[in-house]
Amino acid sequence: MVFPFLIPLAAASTAVSVPVVGCASDGQQGPLEAPARLPTGPRLKPKDAARLTLYVSQDGPAVLAPNGWQCIGLYGSNGSLLIVTPDAIPTERLFDSDAAGIAGPAVVAAYSIGGTSGRFAVIDAIARYFPSKRAFVDQSRADELVEASDIPSGPYPGDIIVSRSPTSIRLVTSAGKTGAGTASRLSPGPLSIDVLHTIVDEGDDPTLLSVWVRLPKDQRDLALPIFDDQPDR
């Protein structure tokens with residue numbers, strides 16, 4: 001699923017398209033090659049476009065991350081995931097439930113589909129951040145799809161909320177702490193984690209887009225264009 005990229009009209013004449021890289025995937029139906037047809041990269045300010053690439057997987061998320069990184073997509077009944085890291089991660093490690101999370105730099109994007117086993121991620125996000133969408137949580141509870149004891153209340157205590165709307169929230173999990181940033185493939189580490197959660201399909205079974213960004217300090221400013229490129233409006 002790839003969404004159109006929006007830029008201010010006034011900036012169009014000076015914006016530059018970023019390169020695009022296709023990513024192989026693996027999941028329930030076996031390995032998938034990188035997409036044969038790639039979208040056009042979004043147009044960004046030249047200083048950002050020179051440092052970023054759009055990474056795309058088949059039937060999964062597309063996300064901006066630093067140039068020259070390695071990517072792998074995962075997919076299943078719950079949705080799809082794209083992991084972009086400076087060095088390649090062996091696929092078998094990603095399927096190992098006992099393997100440690102990613103402690104270093106990474107950009108991870110995920111679609112969690114509410115009408116599938118992805119509902120648990122959607123329920124968690126709505127219960128923590130999106131009270132106007134609470135009907136989905138209540139219906140899931142009434143249908144006995146989730147236990148009341150598994151439904152959280154409010155944001156993680158230590159997280160810093162940067163901005164929020166009825167369907168989108170951006171926040172930060174501090175270095176070495178647990179929170180929204182580590183409720184992912186990332187484990188606590190020496191760098192903070194920027195997080196975006198957005199309800200991108202507001203039907204009876206909503207879809208949640210999540211993006212986790214942990215970058216080296218000299219690239220931390222790229223979190224803003226990475227998030228701005230996502231469909232958070």
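This passage describes the disulfide, the nonpolar cores and selected backbone features of a predicted model.

The structure contains one disulfide. Its partners are Cys23 and Cys71, whose sulfur atoms lie 2.2 Å apart. The two cysteines belong to distant parts of the chain, with their positions 48 residues apart in the numbering. Cys23 is part of strand β2 (residues 20-23), whereas Cys71 is part of strand β7 (residues 70-76). The angle about the S-S bond is -100°, and the link is left-handed. Cys23 has a relative accessible area of 1% and is therefore buried, the cut-off being under 20%.

In soluble globular proteins, nonpolar side chains tend to be buried together. In the present model, the largest nonpolar core comprises 30 residues. The members that touch the most other members are Ile83, Val108, Ile126, Tyr129, Phe130, Leu186 and Trp212. Both helices and strands contribute to this core. At least two residues come from each of the helices α3 (119-129) and α4 (134-142). The same holds for each of the strands β7, β8 (79-85), β9 (106-113), β11 (168-173), β12 (193-201) and β13 (207-214). Helix α3 provides the largest share of the core, namely six residues. A further core of 27 residues lies apart from the largest one. Val56, Ala62, Val63 and Leu196 are among the residues of this other core.

Strand β6 also holds Leu64. The relative accessibility of Leu64 is 0%, so this residue counts as buried. Thr53 is separated from Leu64 by 11 residues in sequence, and the C-alpha atoms of the two residues are 5.5 Å apart in space.

Most residues other than glycine have a negative phi. Two residues with a positive phi were examined, Asp59 and Glu144. For Asp59, phi is near 50°. This residue is located in the loop that runs between β5 (52-57) and β6 (62-66). Asp59 is exposed because its relative accessible area, 67%, is over the cut-off of 50%. For Glu144, which is likewise not a glycine, phi is about 60°. Glu144 occupies a position in the loop between α4 and β10 (160-165). With a relative accessible area of 69%, Glu144 is exposed as well.

Notes:
Residues numbered from 1 in each chain as written. Predicted model: local features only at pLDDT ≥ 70, side-chain atom pairs only at ≥ 80, totals over all residues. Heavy atoms only, no water. Disulfide = S-S within 2.5 Å. Helix = DSSP H or I, 4+ residues; strand = E, 2+ residues; numbered from the N terminus. Buried < 20%, exposed > 50% of the residue type's maximum accessible area, 1.4 Å probe, protein only. Core = buried A, V, L, I, M, F, W, Y, C linked by side-chain atoms within 4.5 Å.
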